[in-house]
Structures are given as structure tokens and as C-alpha cells.
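Here are my notes on the structure you sent round. They are meant for someone opening it for the first time.

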Amino acid sequence: MVNFREDEELHVLNHSCAHLMAQAVKHLYPQAKFWVGPVVDEGFYYDMDLGDAVLNDEDIAAIEKEMKKVAKTGAKIYRREISKAEAEEMFKDDPYKLDLISNMEDGTITCYDQGDFTDLCRGPHVDNVKLCRNFKLIKHSGVYWKGDAEKQVLQRVYGVCFPEAEQLEEHLKLLEEAKERDHRKIGKDMELFMVDDLVGRGLPMYLPKGQLVWQELENYIRQKELRLNYQHVLTPSVGSVELYKTSGHWDHYKENMFPAMEVEGESFVLRPMNCPIENGQ
């Protein structure tokens, strides 16, 4: 699979396409404000505040349609160096851009103009928007600004862009094939496991078929270890508080462990999950 961030040509093209998407979004959502739109390994994304709007698949299709319309204009993309004061005035109504500008030094700030849209950016970009016409928006989700659950939820839209239409089609085909190999889809289709948000996302509950697979793998590993002369032991699921003080776990995990249980004058606690006792015991 291609790495958009490491391929210089694709990097510039995809970053430019992120701006094309932002321009189209601004046409459809005049109230939109933008955070960052970087190139990542799998393409590009842009985080944006659309007010009360929450994007769905139909909205994504509408954004793609507007992007194609903008790309057809062939508008030139121009780079401009601006002062910090000019940048603050230009984006005075966008708190996300102002946050970025606050961490920039005067004399290092640039923006890019394309038709009726201007965005703060280091660049570089392609020469004109028409070069970004071979694109596809592939997924969208809600994200917290700066990853902070106390902050605003932004809409993140991912996409990919290629120089040639044939390259885009081939890439989309590979993505579809990868979906078919996704263990989450395979596991669901084969009724191996299920997940429920009430239990926790990413925490599988193994169904009868899945439990059988798990048991067979466990038996295989156990028999292989025995043939290699390994010996198995079983240690308690609880231990004394003094044990965990000695191992160092008590100081680090006591706030998140179950309360100590008093048994015949001695304090015991459940073994902290994912925290093996020293020396592998």
C-alpha cells in the first residue's frame, strides 16, 4: 500500500487536496471553521467545526460534488508571506486558526489563495486546483479538538488524491480488498465474536465458534510447550498487600485496584491485570 506521507509528489498533491476539500466545505457550510489538515500515511484529513452539523454519507457525497466543481475551475494556487498581525486580522473570526497563529513567529507565516478561498499553511502546494481532481473522500468521524474530551467535537474527513484517475481506481480497489480481509468483519461474518459498547469498544466477547478456536489454539500452545519440556504453574488470583508493596505495584496501582480484603488479620488484593509480578511469577 502506498504511503502518502513519504512519497513527495503524493504528499504535496494530498495536502493541496485537503485545501480543495476545505474550500468546498466553506461553500456548503459558510459557518465552517478549520483546525488542521495534514497529510498522513493513508492520505489526508481536515478537522473542521461545522457548528451543529454532523456529517453523514449524503453530506460527504455533496462535498465531493462541490470539490469536483471547484477543481474544474482550474484556479491557480498562490503563496503569500504575511505578518503575524495580518494573519490575526485575516482569521480573526476563527479561534482554531488564531490558536495556531499564537504559536507562530513573525516572519515565518504563509497562506495560500485559490479562487475565493484562503487558508493558513506552510505548503508547498500544486500549481492549480485542477491537479487535485482525482480524489475520493473515504471516511469521516467526530474528534475532540486537540484530543481533549473537554473541548469542542470537530468533524474529521479523510480522503486520498492521485495524479491519475487510474491510480485512484487501483487504490480504491485495494482498500476494498483490505476491508474484506479485516479481522473485525471476518470475525463478525463467521460468528466468532461480538462486541457491545456497553462492555467496551474493542473488547470482544467470544461466541461458541470463537471460543472453540481459542481453546484449540490454547491446547496447541500448551502441548507444544510440554513437548519442549516447559512446566506449567498456577498462581493465586489474589496476593497480600505486602507482596505488591515489595514488587512495586502498590505505589503505582493502589488507587485503581480493588480495596484490600481483610482475611484472618492479613490484607489481600486481587492481582492487578496486565501487571505481572516481578521475575514473571
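The points below go through the cores, a helix, one residue in that helix and a small sheet.

1. Please keep in mind throughout that this is a predicted model.

2. I would begin with the largest nonpolar core, which has 33 residues. Inside this core, L20, M21, V25, I63 and M67 have the most contacts. Two or more residues come from each of α1 (8-28), β3 (43-49), α2 (57-73), β7 (135-144) and β8 (153-161). The most is given by α1, with eight residues.

3. I63 is a useful residue to select in this core. Apart from neighbours within four places in sequence, the contacts of I63 are M21, A24, V25, L28, L55 and L137. Two of these names, M21 and V25, also appear with I63 among the residues that have the most contacts inside the core.

4. There is also a second core, separate from the one above and made of 13 residues. Y96, I101, C111 and L154 are among them.

5. Next, the helix α1. Its 21 residues reach 31 Å from the first C-alpha to the last, close to the 30 Å expected at 1.5 Å a residue. At the start of α1, a side-chain oxygen of D7 comes to within 3.1 Å of the backbone nitrogen of E9.

6. Is Q23 buried or exposed? Q23 lies in helix α1, and its relative accessible area is 4%. Buried means under 20%, so Q23 counts as buried. What does the side chain of Q23 make a polar contact with? The partner is the side chain of D116, at 2.8 Å. With neighbours within four places in sequence left aside, Q23 is in contact with V70, Q114, G115, D116 and F117.

7. Last, the sheet of three strands. The sheet is open, its order is β11-β13-β12, and the pairing is antiparallel. Why is one side of β11 (238-240) and of β12 (261-263) left without a neighbour in the sheet? Both strands stand at the edges and each has a single partner strand, so one side of each has no neighbour there. From one strand to the next, the twist averages 40 degrees.

8. Within that sheet, the pairing of β12 with β13 (residues 266-270) can be followed by residue. Three bridges join these two antiparallel strands. In one pairing to look up, E262 has S267 in β13 as its bridge partner. As background, strands of a sheet pair through backbone hydrogen bonds, either parallel or antiparallel.

Technical notes. Residues are numbered from 1 along each chain as its sequence is written. This is a predicted model: local features need pLDDT of at least 70, side-chain atom pairs count only at pLDDT 80 or more; totals for chains, interfaces and linings use all residues. Side-chain values use heavy atoms; hydrogens and water are left out. A nonpolar core is a set of buried Ala, Val, Leu, Ile, Met, Phe, Trp, Tyr and Cys residues joined through side-chain atoms within 4.5 Å. Buried means under 20% relative accessible area, exposed over 50%, partly exposed in between (1.4 Å probe, protein chains only). Helices (H or I, at least four residues) and strands (E, at least two) are DSSP runs, numbered from the N terminus. Contact means heavy atoms within 4.5 Å. The expected span of a helix is 1.5 Å times one less than its number of residues. A polar contact is a pair of N or O atoms within 3.5 Å; within protein, one must be able to donate a hydrogen and the other to accept it, and residues adjacent in sequence count only if both atoms are side-chain atoms. Two strands pair if DSSP finds at least two bridges between them. Axes are lines fitted to C-alpha atoms, for helices over the stretch in contact, and angles run from 0 to 180 degrees between N-to-C directions.
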